Amino acid sequence: MKKYLLYIGLGLLGLTSCSDFLDVSSPSTFTDEDVVKNLEEANRLLNAVYARVASGNIYGNAYFTIFNLNSDVEFTTSTAEIQSASRNEYKLFDCGADASSLLSTWNAAYSTIESANNFIGAAQNSELFAVRDSSMLQLIGEAKCIRAMNYLDLVIMFGDIPFSLTRAYEAESLVMPMGDRDEILTMLIDDMIDTADNMQFAADLSAGVERCSKEFCWSLIARMALYRGGYSLRHNGSTTDVGIMQRPEDYLNYYRVARDYSEKVITSGTHNLSKDYYQVFIDECNYTVNNADDPIFEIPFTQNVSGNVGYVHGPRGLDSSSGGTEGVNQWGTASGSVRLNAFYRFTFDEQDARRETVGFWHYDYDGTPVLLNDYNNYCNK
């Protein structure tokens, strides 16, 4: 009997040792303390948030092509008689039955929000945050700006949406709770107002307007407040009607917020409209970033890697067939798929600089400008 008890005791001892062994953390696991223990590591984690913003499913392409074309200015055309999701999509008030583009944009936006939530959660648990390190507070502010920007555009597209400011693995439920659009924007506006004081001006940031700044935070507050106080399509309880255009009763409060924070941007004197209209876009083509002029925030796309900005705009030109033309080779390939109504230029006064940015030409195989004979024009800016 004693022999059996000895065996049982040894067996239990082995289980205890196994349990202790399994409790040892993996050397490949990174905790919050590891990833934000210093500003260099924190910056790397924040760069991952910026990389998600550049996704083609949101700001890199979808928001300004699939979902935002066919206005009274920019539009796309299709001569296909049969619906084709690859050519038509939402920009021609058409889409595939599976709404795959819509799902891709939804997923990309929430993936970016979760990435921002993760950074904010980790950063706010750091020692640098505990001592109110100014650089760490700036990084947190940038992540909050990106989160608010994504939520705002989701609200604009969908109205009431799932909403959380907590990263998924710290949330009480795996299902993100549904939020009311007015409550969402109110929370974001209040959060950004608290955040703005801890942020720096673009001119004081190493990456300038390619990082979220104090001015951008103020601008974002104004933009959210303007939408918060404005009209939007809302449910009216009917199962047959599409809804009713309505604005909240406290709209004047938010119009005042929009006015006050726009005024902050103006009176800060950190941005001007001193550049020639053409020069703004010429600088963009030459990757020249000006931190004190027209742009307040520019999403930092990686050249030849992310985004269609600059590729779908401008006259069509093929780098491979440019025949050594310096201008085309220097500025790269462009598809020119974003077009303007052929009569658009005539809506401007003859002395208006914008009138001459409408493109009537593209580059031929040898780089020679060729007159465009079509029912639309290139969007040269």
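Visitor: What makes Tyr-231 count as partly exposed?

Guide: The relative accessible area of Tyr-231 is 48%, and since buried means under 20%, exposed over 50% and partly exposed in between (1.4 Å probe, protein chains only), Tyr-231 is called partly exposed. This is a predicted model, in which local features need pLDDT of at least 70 and side-chain atom pairs count only at pLDDT 80 or more, while totals for chains, interfaces and linings use all residues. Residues are numbered from 1 along each chain as its sequence is written, and side-chain values use heavy atoms, with hydrogens and water left out.

Visitor: Where does Tyr-231 lie, and which residues does Tyr-231 touch?

Guide: Tyr-231 sits in the loop between helix 8 (214-229) and strand 4 (232-234), where helices (H or I, at least four residues) and strands (E, at least two) are DSSP runs numbered from the N terminus. Leaving aside residues up to four places away in sequence, Tyr-231 is in contact with Met-245, Gln-246 and Arg-247, contact meaning heavy atoms within 4.5 Å. Although Tyr-231 and Met-245 are 14 residues apart in sequence, their C-alpha atoms are 5.9 Å apart in space.

Visitor: Which residues form a nonpolar patch on the surface with Tyr-231?

Guide: Leu-233, Val-242 and Met-245 join Tyr-231 in that patch, with about 450 Å² of accessible area together. Patches are made of residues with over 30% relative accessible area and no salt bridge, like charges being joined within 9 Å and nonpolar side chains (Val, Leu, Ile, Met, Phe, Trp, Tyr) within 5 Å.

Visitor: Why is there no bond between the sulfur atoms of Cys-212 and Cys-145?

Guide: A disulfide is a pair of cysteine sulfur atoms within 2.5 Å, whereas the sulfur of Cys-212 is 4.7 Å from its closest cysteine sulfur, in Cys-145, and therefore too far for a bond. For Cys-217 the closest cysteine sulfur is also in Cys-145, at 4.2 Å, which is again too far. The structure holds zero disulfides. Cys-212 is buried at 0% relative accessibility, and Cys-217 is buried with a relative accessible area of 0%.

Visitor: What makes Asp-182 and Arg-234 a salt bridge?

Guide: Their side chains meet at 3.2 Å, N to O, and a salt bridge is a side-chain nitrogen of Lys or Arg within 4 Å of a carboxyl oxygen of Asp or Glu, so the pair fits the definition. Asp-182 lies in helix 7 and Arg-234 in strand 4, so the pair ties together parts that are 52 residues apart in sequence. Asp-182 is buried at 13%, and Arg-234 is buried at 12%.

Visitor: How many salt bridges does a search of the whole structure find?

Guide: The search finds 14, among them the pair Lys-275 and Asp-283, at 2.2 Å from N to O. Lys-275 is partly exposed at 23% relative accessible area, while Asp-283, at 10%, counts as buried.

Visitor: Why is the pair of Tyr-59 and Tyr-63 called edge-to-face?

Guide: Rings of Phe, Tyr and Trp (its six-membered ring) pair if their centres lie within 6.5 Å, and planes under 30 degrees apart count as stacked, over 60 as edge-to-face and the rest as tilted. By this rule the count comes to 11 aromatic pairs. The rings of Tyr-59 and Tyr-63 have centres 4.9 Å apart and planes at 75 degrees, so the pair is edge-to-face.

Definitions and conventions
Accessible areas come from the Shrake-Rupley method with a 1.4 Å probe; for residues, only the protein chains shown count as cover.
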